[in-house]
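Hi,

Here is the structure I promised to pass on. Have a look at it first, and then read on for what turned up in it.

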Amino acid sequence: MGKENVILKTEDLTKSFNGFIAVNKVNLAVERGAIHALIGPNGAGKTTCFNLLTKFLEPSSGKILFNGMDISAEKPSQIARKGIIRSFQISAVFPHMTVLENVRFGMQRSLGSSFYFWRNINSVDVLNTRAMEALDQVDLNRFANELAVNLPYGRKRALEIATTIAMDPELMLLDEPTQGMGHEDVDLITELIKKVSKGRTVLMVEHNMKVVANIATTISVLQRGEVIAEGSYEQVSKNHQVMEAYMGTADAELEGH
């Protein structure tokens with residue numbers, strides 16, 4: 001894997017809380033164009049690691065590089081401007097706005113464009129066009145004028161994805177995108193992630209092994225804050241350390257039963 005193919009890289013990324021090491025010298029290399037999944041049993045450090053990568057937490061030591069630039073000390077808003085967008089970061093769904101207004105508002109906040117509306121009336125049209133294109137990608141265009149509160153749960157998550165892709169991220173970060181969903185919604189969101197990942201890179205924390213098996217090109221497995229295995233689903237599912245980490249249930253889970 002050449003240097004130019006790595007979009008996000010960590011070097012000995014570490015986070016400790018009052019002496020407890022939650023993330024321990026993690027070295028990740030996310031390849032451009034990949035769907036890279038971060039998995040692990042409960043308490044493995046996935047969420048802490050994700051919060052470090054999205055700058056919601058500061059690392060205790062180590063580095064985070066995006067396109068070769070050190071972003072370790074930057075804030076979420078700074079990395080968003082560079083093209084790293086975390087789904088809920090910009091798109092907590094506003095229930096009493098329409099679907100279209102939700103996407104447009106997320107774009108305004110992230111682009112900082114609300115201030116020029118008074119000067120350029122056409123800017124609303126520009127945002128509307130981009131918002132509708134994003135809704136079209138996630139098959140929500142027919143719900144554009146529906147209040148978000150009326151959407152079923154799976155469609156609300158699709159709306160979050162639409163708001164994220166409306167920002168045209170180079171790297172899209174998804175935090176447990178199928179959490180709390182029934183089979184039908186899981187299938188819907190899995191297909192949407194596959195669809196919107198074309199031409200961009202996706203890094204996701206996901207607990208559903210079927211989703212990971214279906215769409216992830218690379219998987220990093222965390223246990224006790226350390227990467228214990230990395231590779232394709234086929235490779236990590238046969239790794240004995242990974243099976244042990246999942247304490248016996250891994251055999252069933254990792255085989256996708």
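Leu8 sits opposite Val30, a residue of strand 3. Please keep in mind throughout that this is a predicted model. The pair belongs to an antiparallel arrangement in which strand 1 (residues 6-17) and strand 3 (residues 29-31) are joined by three bridges.

Strand 1 has other partners too. With strand 5 (residues 61-66) the direction is again antiparallel, and five bridges connect the two. If you want a residue pair to click on there, Glu11 has Lys63 of strand 5 as its bridge partner. Strand 2 (residues 20-26) also runs antiparallel to strand 1, with four bridges between them; here Lys15 is matched with Val23. Strands 1 and 2 make a hairpin with two residues between the strands, and in this hairpin Asn18 adopts a positive phi near 45 degrees.

Now for another sheet. Which order do the strands take in the open sheet of six? Going across, the order is 7-8-9-4-10-11, and the pairing is mixed. Strand 7 (84-86) and strand 11 (226-231) are the edge strands, each pairing on one side only. On average, neighbouring strands in this sheet are turned by 20 degrees against each other, ignoring direction.

At the strand 7 edge, the pairing with strand 8 (residues 171-175) is parallel and runs over three bridges. Ile84 finds its bridge partner in Leu171 of strand 8.

Helix 1 (residues 46-53) lies across several strands: strand 4 (35-39), strand 7, strand 8, strand 9 (201-205) and strand 10 (218-223). Relative to strand 9, helix 1 runs at about 145 degrees.

Last, the empty space, which may interest you if you plan any grid work. Rolling a probe the size of a water molecule over the atoms reveals where such space is left. How many cavities of 30 Å³ or more does the structure hold? There is one, and the space in the largest cavity comes to about 40 Å³. Its lining is made up of Ser87, Arg157, Glu160, Ile161, Leu174, Pro177 and Ile189. Sorted by character, four of these lining residues are nonpolar, one is polar and two are charged. Helix 6 (residues 153-166) supplies the largest share of the lining, with three residues.

Happy to talk any of this through whenever suits you.

Best wishes

Methods. Residues numbered from 1 in each chain as written. Predicted model: local features only at pLDDT ≥ 70, side-chain atom pairs only at ≥ 80, totals over all residues. Heavy atoms only, no water. 1 Å grid on protein atoms, 1.4 Å probe; cavity = no way out; pocket = protein on both sides within 12 Å on 5 of 7 lines; lining within 4 Å. Points joined across faces, edges and corners; volume = space filled by probe spheres on them. Nonpolar A, V, L, I, M, F, W, Y, C, P; charged D, E, K, R; others polar. Pairing = 2+ DSSP bridges. Axes fitted to C-alpha atoms, helices over the stretch in contact; angles between N-to-C directions. Contact = heavy atoms within 4.5 Å.
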